[in-house]
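This report covers a protein with its ligand. It takes up the contacts of the ligand, a separate pocket and the overall fold.

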Amino acid sequence: MDLASRFSLAGKVALVIGGSSGIGREIALAFRGAGASVVPVGRSEAKVEEVVGRLRQSDAAAAGHAVDVADIAALGRLVDQVMARHGRIDVLVNSQGITKLSKAEDFAEADFDRIIATNLKSVFFACTTVGRHMLAAGAGSIINIASIAAFGGFRLTALYTMSKHGVVGLTETLATEWATRGVRVNAIAPGFFITALNRDKMDPERRANAIGRTPIGRFGELDELVNAALYLASPGASFVTGETLRVDGGFLAGRF
Ligand SMILES: NC(=O)c1ccc[n+]([C@@H]2O[C@H](COP(=O)([O-])OP(=O)(O)OC[C@H]3O[C@@H](n4cnc5c(N)ncnc54)[C@H](OP(=O)(O)O)[C@@H]3O)[C@@H](O)[C@H]2O)c1
């Protein structure tokens, strides 16, 4: 395979849940740049349409979906619609995620249900619902967006941190179960990237703490993150499964 083909997504269909904002949006646009037909998903119709507008600059047929994937029946209908339209899904990205800062002892049951439903339950069912089609086709690549919070304790984010530990456990388990059946399952652990998820939670103290604990000494730029997703989605990563690729400016390497 020539070098360009190794990292090309030409002719592939990519479903990018959370593709309407932040990390997922940047991945959706990069996958389009690599040749894929991209289907972005988010809750807000306006945000989905903004990304679809960008995709249509090079793919007139591009379409997205405004769906709350924490509703597992709605997630199932979404996958049915994408399969009906495209006939297959080659790449699935799970970039949906929410968080809330609180002392652990102050979280309510409703917080637990809301955060786990989006960050973990919807990721599990997106992987298995799309995974069944990939297994039937004998090919596919799934990329789950985890976090550096999958590798240790983080103050004030008990539910988010639990969910991200779960995402890595899920990724490794599915990779192990599906490895001989053509479906690769990997994750990316981003360090600190300023997006809608955390912009209003970064007071000067948290901001200084995040940068101070990142050996490279700054926040990441989204275009530094998408290359990891391009790689994991591409034929160039055909022997890579069960990996959680850290894109964190050295945060985890330097945490001790
Ligand atoms: N930013 C960071 O520093 C960082 C670091 C580590 C990990 N991550 C992870 O990266 C992923 C993306 O985060 P981000 O920073 O890009 O945040 P973001 O800009 O807020 O994007 C989150 C995306 O998920 C969608 N989403 C959330 N809940 C959903 C639901 N129930 N159904 C469908 N879509 C839903 C959002 O759509 P709506 O806006 O319409 O709700 C949006 O498109 C998350 O899993 C996050 O935990 C981020």
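## Polar contacts of the ligand

In this predicted model, an N or O atom in the side chain of Ser 21 is 2.6 Å from an oxygen atom of the ligand. Two further contacts involve the backbone. Ile 23 places a backbone N or O atom 2.7 Å from a ligand oxygen, and a backbone N or O atom of Ser 44 is likewise 2.7 Å from an oxygen atom of the ligand.

The ligand taken alone exposes 890 Å², of which the protein buries 95%.

## The shell around the ligand

Two elements each give two or more residues to the shell: α2, spanning residues 22-33, and α6, spanning residues 158-178.

The ligand has 30 residues around it. Those that come nearest are Ser 21, Ser 44, Lys 47, Tyr 160 and Thr 195. Sorted by class, the shell holds 14 polar residues, 12 nonpolar residues and four charged residues.

## The second largest pocket

The volume of the second largest pocket is about 170 Å³. Its lining is made up of five polar, four nonpolar and three charged residues.

The charged residues in this lining are Lys 12, Asp 90 and Arg 184. Gly 140, Ser 141, Gly 182, Ser 234 and Ser 238 are the polar ones. Val 91, Ala 139, Ala 233 and Pro 235 supply the nonpolar part.

## Overall fold

The protein contains eight helices and seven strands. Its radius of gyration is 17 Å, close to the 18 Å that the globule rule gives for 256 residues, so the protein is as compact as a globular protein of that length.

Along the principal axes, the C-alpha atoms fill a box of roughly 45 × 40 × 40 Å.

Definitions and conventions. Residues are numbered from 1 along each chain as its sequence is written. This is a predicted model: local features need pLDDT of at least 70, side-chain atom pairs count only at pLDDT 80 or more; totals for chains, interfaces and linings use all residues. Side-chain values use heavy atoms; hydrogens and water are left out. A residue is near a molecule or strand if one of its heavy atoms lies within 4 Å of it. A polar contact is a pair of N or O atoms within 3.5 Å; within protein, one must be able to donate a hydrogen and the other to accept it, and residues adjacent in sequence count only if both atoms are side-chain atoms. Accessible areas come from the Shrake-Rupley method with a 1.4 Å probe; for residues, only the protein chains shown count as cover. Helices (H or I, at least four residues) and strands (E, at least two) are DSSP runs, numbered from the N terminus. On a 1 Å grid over the protein atoms alone, a cavity is a set of points where a 1.4 Å probe fits but cannot get out, and a pocket is an open set with protein on both sides within 12 Å along at least five of seven lines; lining residues have an atom within 4 Å of a point. Grid points are joined across faces, edges and corners, and a volume is the space filled by probe spheres set on the points. The radius of gyration is taken over C-alpha atoms; the globule rule is 2.2 Å times the number of residues to the power 0.38.
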